[in-house]
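Student: Hi! Got a minute to go through this one with me?
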There are 2 protein chains.
Amino acid sequence: MKPHDNVLKLEQQLCFAVYSAAHAFNRAYKPLLDALGLTYPQYIVMMVLWERNSQTVKEIGAKLDLDSGTLSPLLKRLEKLGMINRTRDENDERQVVISLTEQGKAARRQALDRIAPAIGYLVGCGVDDLDEMRNRVIKLKTALDSAASHD
Amino acid sequence: MKPHDNVLKLEQQLCFAVYSAAHAFNRAYKPLLDALGLTYPQYIVMMVLWERNSQTVKEIGAKLDLDSGTLSPLLKRLEKLGMINRTRDENDERQVVISLTEQGKAARRQALDRIAPAIGYLVGCGVDDLDEMRNRVIKLKTALDSAASHD
DNA sequence: CAAAATCCTATTGCGCACAATATAATTATG
DNA sequence: CATAATTATATTGTGCGCAATAGGATTTTG
């Protein structure tokens, strides 16, 4: 076999492993999130707001690495669900401020009680392993981001 | 702070790290794949076929964890690009056999020359680290998959 | 061998992602 | 202060991903 001949093999690729793990996570979360009536992307937007209420679309987008093309329709769906309110900023009417409704705040407790424990069990490893792994994946993402930025 | 009170924090979540890394990979691959005229999902389908030509939709789907709802339109686009042929199996007309065109076979060399080296550089770590990390991510996916299967 | 069950692919509908573009508000500049 | 440049969000179009459903083709069963 020629050198580098298996570089293009699927099982050899970290990218495919990550791609595939992301889908597996989604499938694992889905039945849990169905109880809240949320999708995973909607759920992480809620997490951002649970950490600090009232943020602009841009702030949310920066934290999640998502642009308005993704967030605008997603936020409208969250509004229709009664989870958030969307209001123009008084001082700068270009900005739309997203804030939690009472229902949106209440959903946090459901997430804490039902989702967080279940996922810990699903991942099936200790907290330390989980921690180390998360750090590695974040490092990976950072390397990819910086590589993408200087081209 | 109450115990478990930061369980719902974004930076703490392995799932978000993986979700985010998957997007970063996609962004990193995009300019490289643009040269081939392929998207990343189309590219991994091509990789499956480069490993072994002529496979059914079901076989491809099993390897990539994708169903016909995703693959059917994707394969039609690959056909329109001139990369593959789609033909009904003579013995079992339920099955559609996907095989590479000459152009599809030729694209493998472009991938070997241009894409594989660039990605190795992007990830920015040694081959051993990459290997270990891939194994961990695959373990993670397997844990998530098996958890999802018995509910 | 006919009816039922199963299998494989395709279609439809919805929700991301993201590029490209548009629009409106704000700030900078001459 | 009017015009240009910039900023923030929204819209449009394309391509996944996946659930639900539908359509034939094959296999199983009675």
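Student: Leaving aside neighbours within four places in sequence, which residues is Ala21(B) in contact with?

Tutor: Happy to help! Ala21(B) is in contact with Val18(A), Val137(A), Leu140(A) and Lys141(A), where contact means that C-beta atoms, placed from the backbone, lie within 7 Å. This is a predicted model, where local features need pLDDT of at least 70, side-chain atom pairs count only at pLDDT 80 or more, and totals for chains, interfaces and linings use all residues. Residues are numbered from 1 along each chain as its sequence is written, with chains lettered from A and ligands numbered from 1 in the order in which they are written.

Student: Thanks! Which residues touch the most other members of the largest nonpolar core?

Tutor: Ala21(B) is one of them, along with Val18(A), Ala21(A), Phe25(A), Val18(B) and Phe25(B), in a core of 64 residues. Such a core joins buried Ala, Val, Leu, Ile, Met, Phe, Trp, Tyr and Cys residues through C-beta atoms within 7 Å; buried means 20 or more other C-beta atoms within 10 Å of a residue's own.

Student: New topic: which residues come nearest to DNA strand D?

Tutor: Lys58(A), Ser68(A), Gly69(A), Arg94(A) and Gly69(B), out of 24 around that strand. Near means a C-beta atom, placed from the backbone, within 6 Å.

Student: And which helix gives the most to that surface?

Tutor: α4(B), with four residues; helices are DSSP runs (H or I) of at least four residues, and strands (E) of at least two.

Student: What is the strand order in the chain B sheet?

Tutor: β1-β3-β2, open and antiparallel. β1 and β2 of chain B are at the edges with a single partner strand each, so one side of each lacks a neighbour in the sheet. Helix α4 of chain B packs on this sheet, touching β2 and β3.

Notes: Two strands pair if DSSP finds at least two bridges between them. Two residues are in contact if their C-beta atoms, placed from the backbone, lie within 7 Å. Axes are lines fitted to C-alpha atoms, for helices over the stretch in contact, and angles run from 0 to 180 degrees between N-to-C directions. A residue is buried if 20 or more other C-beta atoms lie within 10 Å of its own, exposed if 12 or fewer, and partly exposed in between; C-beta atoms are placed from the backbone.
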